[in-house]
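Biologist: Please take me through this model, and justify each label as you apply it.

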Amino acid sequence: MPFFDPLESTFYGHCVERLLTSKDLAPLLADGIVELGPGTARPVVEALRRSGSRVPITGYELDADSARIASRATARAKLGNYTVIQGDFFAATDKPGARQHGDPADRRKAGVVNLPVGGAAVRRARCAIGNPPYLPAIARPVGASQLWGGHDGAHVARRVLAQEMDVVLLMIASISDPVGLVRHARAAGYRIADWSVRPIPFGRYSHQPWVSRRIGELARSGRAFFGPEGYLLAGVTWVRGGAPTGATGATGATGATGEPDAPDDAATVLRRILTAAGSATSLDETAGVGRTAGARRRVRIASGLHEVPHRPASRLSGSG
Ligand SMILES: C[S@@+](CC[C@H](N)C(=O)[O-])C[C@H]1O[C@@H](n2cnc3c(N)ncnc32)[C@H](O)[C@@H]1O
C-alpha cells in the first residue's frame, strides 16, 4: 500500500528541499540524485517545486502500486527532472558483488526485479536520499512489509550508507537505534553536514504487536527512545570524507572529513537530541497520549546546519 503520512512525508520533503537549496553541496548534487522509495512521490515533487532545482532525481520504488501512483504524480507535475522507476533501489545502486538485501524468496515474492544497474544517470549520481523503512521487528511485519527496517530498524539506512555515495540524506528515527546508526555512519567515513528533527506521534504501524514489542526491547537495551508524545524523526545529511577534493564548494568542505579521528560535533548534538526523545520502555505506557490533533499542532522542528571543516564559521539555524 502506498505510504504517505502528512507529518512524516511532508517533513521528508522539507529536508529534501533543504538539501536541494544547499549552496555548499550543490556541486555534489549536480550529477544527479538517486532516491530510495519515493512512495507517492509527493514529498520530492513538492521539494522540487519549492526549490526550483533542476537536479535530476531518479526514484526506485519497490511497491508496484506506489510506483504507479508516483509515476502519475511526476507526469502531472511536469517537472522533467524527476523519474520514478519500479524496482529495488539496491539492485540499481549496489556495487558489483555487494550482498543482496533480504531473503531471495522474499525478494521474488515482492516482485523485486534484479536490475543489473541503474541507467547512466544513476551510475553517475553521487547523492542518495530516502525516508527508508525503519520499523524494527524480528520478522517482517504483516501488512507493513515494505516499512520493515530489520531487527533494529536501521538495516536499510545502513545499507544506503554502504553505497559509497558522497552525499546521503536519510530520515532516521529515535526508535531505530539512532545512536548505533550515527556511529555507523561516522565509522563509514561520513560526517554530518545538516540535520533537522521533529516529533512524530506513533501511528498504526508502530502499534502492530511485532513492532511495538521490538521497540520496547530496543528501548530497554538503550537503542530506542520515545515518550508519551511519540518519537523523534531526524532528516540527516551526511557527506563522505573520501569525496574527491577537486570538486567545488562543498568539496573543500568535505576535504577534512577523511580524517577518521576528527570529532563530529553535529553527530554528538544529534545523538543527544535523539536520545532525549523519551525514556519510556513500552508503547503501552504511551497509549492514547500524544495522538491528538492538539499534540500535532504543537510540534516544532529543530534543525542545525553544520559547516563541514575548513569553512570560515559555524552556524546553527532552525525554528525550534
Ligand atoms: C517510509 S516509506 C517512504 C515513502 C515516501 N518517501 C514518503 O516519505 O512519503 C518507504 C518506501 O520505501 C519503499 N522501499 C522499501 N525498500 C525499498 C527498496 N529496497 N527499493 C525501493 N523502494 C523501497 C517502500 O515501498 C516505501 O514506499
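Modeller: I start with the elements: helices (H or I, at least four residues) and strands (E, at least two) are DSSP runs, numbered from the N terminus. With that numbering, helix 9 is followed by Gly 189, whose phi is positive, near 95°. The chain comes to 13 helices and 8 strands.

Biologist: What kind of model is this, and which pLDDT cut-offs apply?

Modeller: The model is predicted: local features need pLDDT of at least 70 and side-chain atom pairs count only at 80 or more, while totals for chains, interfaces and linings use all residues. Residues are numbered from 1 along each chain as its sequence is written.

Biologist: Why is Lys 78 called exposed?

Modeller: The label depends on a count of other C-beta atoms, placed from the backbone, within 10 Å of the residue's own: 20 or more is buried, 12 or fewer is exposed, and anything in between is partly exposed. Lys 78 has 6 C-beta neighbours inside 10 Å, so it counts as exposed. Its place is the loop between helix 4 (64–77) and strand 3. Lys 78 is not a glycine, yet its phi is positive, about 50°.

Biologist: What makes Glu 164 partly exposed?

Modeller: Glu 164 has 15 C-beta neighbours inside 10 Å, and therefore counts as partly exposed. Glu 164 sits in the loop between helix 8 and strand 5. Here too a residue that is not a glycine has a positive phi, about 60° for Glu 164.

Biologist: Why does Glu 17 count as partly exposed?

Modeller: The count for Glu 17 is 19 C-beta neighbours inside 10 Å, so the label is partly exposed; buried would need 20 or more. Glu 17 belongs to helix 1.

Biologist: Which residues is Glu 17 in contact with, leaving aside its neighbours within four places in sequence?

Modeller: Contact requires C-beta atoms, placed from the backbone, within 7 Å. By that test Glu 17 is in contact with Ala 47, Arg 50 and Ser 51. For Ser 53, which is 36 residues away along the chain, the C-alpha separation from Glu 17 is 8.8 Å.

Biologist: Why is Tyr 82 called buried?

Modeller: Tyr 82 has 24 C-beta neighbours inside 10 Å, which means it counts as buried. Beyond four places in sequence, Tyr 82 touches Val 44, Val 45, Leu 48, Ile 57 and Thr 74. Its C-alpha atom is 5.9 Å from that of Thr 58, 24 residues apart along the chain.

Biologist: How do you know that strand 3 is mostly covered?

Modeller: In strand 3 (residues 82–86), 5 of 5 residues are buried. Tyr 82, Val 84 and Gln 86 point one way, and Thr 83 and Ile 85 the other. In a regular strand the side chains alternate between the two faces of the sheet.

Biologist: What makes strand 2 and strand 3 a pair?

Modeller: Pairing needs at least two bridges found by DSSP between the strands. Strand 2 and strand 3 have 5 bridges and run parallel, so they pair. One partnership is Gly 59 with Val 84 of strand 3. Strand 4 (residues 127–130) is joined to strand 1 (residues 33–36) by 4 bridges, in parallel, and pairs with strand 5 in the parallel sense over 4 bridges. Ile 33 has Cys 127 as its bridge partner in strand 4, and Gly 130 stands opposite Leu 170 in strand 5.

Biologist: How do you know that the buried residues of helix 9 line one face?

Modeller: The buried residues in helix 9 (residues 178–187) are Pro 178, Leu 181, Val 182 and Ala 185. Viewed down the axis they fall within an arc of 95° (taken over the directions from the helix axis to the C-beta atoms), so they line one face of the helix. An α-helix has 3.6 residues a turn, so residues three or four places apart point the same way. Among the elements that cover these residues of helix 9 are helix 8 (155–161), strand 5 (167–173) and helix 12 (265–275).

Biologist: Which residues come nearest to the ligand?

Modeller: There are 22 residues around the ligand (C-beta atom, placed from the backbone, within 6 Å of it), and Ser 9, Gly 37, Gly 39, Phe 89 and Gln 146 come nearest. Helix 1 (6–20), strand 2 (57–61) and helix 5 (89–93) each give two or more residues to that shell.

Conventions: Contact = placed C-beta atoms within 7 Å.
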